[in-house]
Amino acid sequence: MDADTRSANAAAIYAQARALIDWNTRNTFCGTCGHRTIAVHSGTKRACPPTDVARTAEGLPAERPACSTRTTISNLSFPRTDPTIIVAVMSADAQRILLGRSKRFPPNWYSTLAGFIEPAESVEDAVRREVWEEAGVTLSRVVIHSSQPWPYPANLMIGAIAQVSDAAHETINLEHDPELEDAKWFDIAEVEEALRNGVSALGDGPGPEYKEGALRLPPPTAIANQLIRAAISIDLLGGEKNSKI
């Protein structure tokens, strides 16, 4: 087993463990009756038991009050996963990509746009809504690309590549939602240069070939990086581009 495989396996174990620990910590009480739940099946589920020996220490009967969770098939609580969209947005002519930055990002560090999927909303509709809310840009075509678990605390990031249908819909407006500090359209050549020399994690510096003031992007381990690479390499109208990356 090579080093990369070991790292991937270790990351998967860590991600699952962190998500389960966080979920168990946040769900110590039953959502129906309010009594304490107990962890079962090695912490992968929680139950509201009919009896509780700890109650006897308080002079109470060991039997708990009735709880409807014990009378249905869903008598256990399971870890939650919150679906989140993350999207690389292409201009109408497919020559530019829309990226945004939050206040916590390092200087010149931009990334793809993302947000939570709302109840009764499709992935495609969530992509269009989030991009409009955060950047004021109206999308047409949305293609689901890939996904990445993100246990901070319990997200599944569903990656997409989207495109604006008309240049008239590319005007950026940050007034709908104050989440982003800035959003810009970047030429493909500038993005390709950043993928070569400007990738880094949030707390790290760029590579030695990075030119001060140039665009910086997330590292290859992030789905944002993979979406950006795919967006500038794949023609949404069909066929392959000859990207330099």
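Okay, let's start with a pocket: about 170 Å³ of space lies in the second largest one. Before I go on, keep in mind that we're looking at a predicted model, not an experimental structure.

So who lines that second largest pocket? Fifteen residues do, and the ones nearest its centre are Phe-29, Cys-30, Gly-31, Thr-37 and Ser-77. If you think in elements, S2 and S3 are the ones that give two or more residues to this lining. By class you get six nonpolar, eight polar and one charged residues here.

Those two strands belong to a little sheet, so let me show you that next. You've got an open sheet of three strands, in the order S1-S2-S3, with antiparallel pairing. S1 (38-40) and S3 (76-77) are its edge strands, each pairing on one side only. Strand S2, residues 45-47, is joined to S3 by two bridges, and the two run antiparallel. If you want to find one on your screen, go to Ala-47: its bridge partner in S3 is Leu-76.

Now zoom out for a second. The chain is divided in two, with domain 1 covering 8-77 and domain 2 covering 82-233. Take the centres over C-alpha atoms, and the two domains are 38 Å apart. On the annotation side, UniProt has an unreviewed entry that puts the feature "domain: Nudix hydrolase" at residues 79-215. In this model that span is 17% helix and 32% strand, and its end C-alpha atoms lie 38 Å apart.

On to the main pocket. The largest one has a volume of about 1500 Å³. There are 50 residues lining it, and closest to the centre you'll find Gln-148, Pro-149, Trp-150, Tyr-152 and Met-157. Which domains does the lining draw on? Domain 1 and domain 2 each give it at least three residues.

Going element by element, at least two lining residues come from each of these: helix H1 (3-26), strand S4 (82-90), strand S5 (96-101), strand S6 (113-116), helix H2 (123-135), S7, S8 and helix H4 (223-233). Which of them gives the most? That's H1, with ten residues. For anyone who cares about the chemistry of the wall, the classes come out as 31 nonpolar, 13 polar and six charged residues.

Let me stay with two of those contributors, S7 and S8. Strand S7 is residues 141-150, strand S8 is residues 155-163, and nine bridges join them as an antiparallel pair. The connection is a hairpin, going from S7 to S8 through four residues. What's the bridge partner of Val-142 in S8? It's Ala-162. And as a general reminder for when you colour these things by side chain: in a regular strand the side chains alternate between the two faces of the sheet.

Last stop, helix H4, where you'll find Ile-232. Is Ile-232 buried or exposed? Its relative accessibility is 2%, and the cut-off for buried is under 20%, so Ile-232 counts as buried. One distance to go with that: the C-alpha atoms of Ile-232 and Asp-166 are separated by 18 Å, with the two residues 66 apart along the chain.

To recap, then: the largest pocket, about 1500 Å³, takes lining residues from both domains, while S2 and S3 each put two or more residues into the lining of the second largest one. That's what I've got, thanks.

Methods:
Residues are numbered from 1 along each chain as its sequence is written. This is a predicted model: local features need pLDDT of at least 70, side-chain atom pairs count only at pLDDT 80 or more; totals for chains, interfaces and linings use all residues. Side-chain values use heavy atoms; hydrogens and water are left out. Two strands pair if DSSP finds at least two bridges between them. On a 1 Å grid over the protein atoms alone, a cavity is a set of points where a 1.4 Å probe fits but cannot get out, and a pocket is an open set with protein on both sides within 12 Å along at least five of seven lines; lining residues have an atom within 4 Å of a point. Grid points are joined across faces, edges and corners, and a volume is the space filled by probe spheres set on the points. Ala, Val, Leu, Ile, Met, Phe, Trp, Tyr, Cys and Pro count as nonpolar, Asp, Glu, Lys and Arg as charged, and the others, Gly among them, as polar. Domain bounds come from an automatic or database domain assignment. UniProt positions are given in the numbering used here, feature names are shortened, and annotations may be inferred rather than shown by experiment. Buried means under 20% relative accessible area, exposed over 50%, partly exposed in between (1.4 Å probe, protein chains only).
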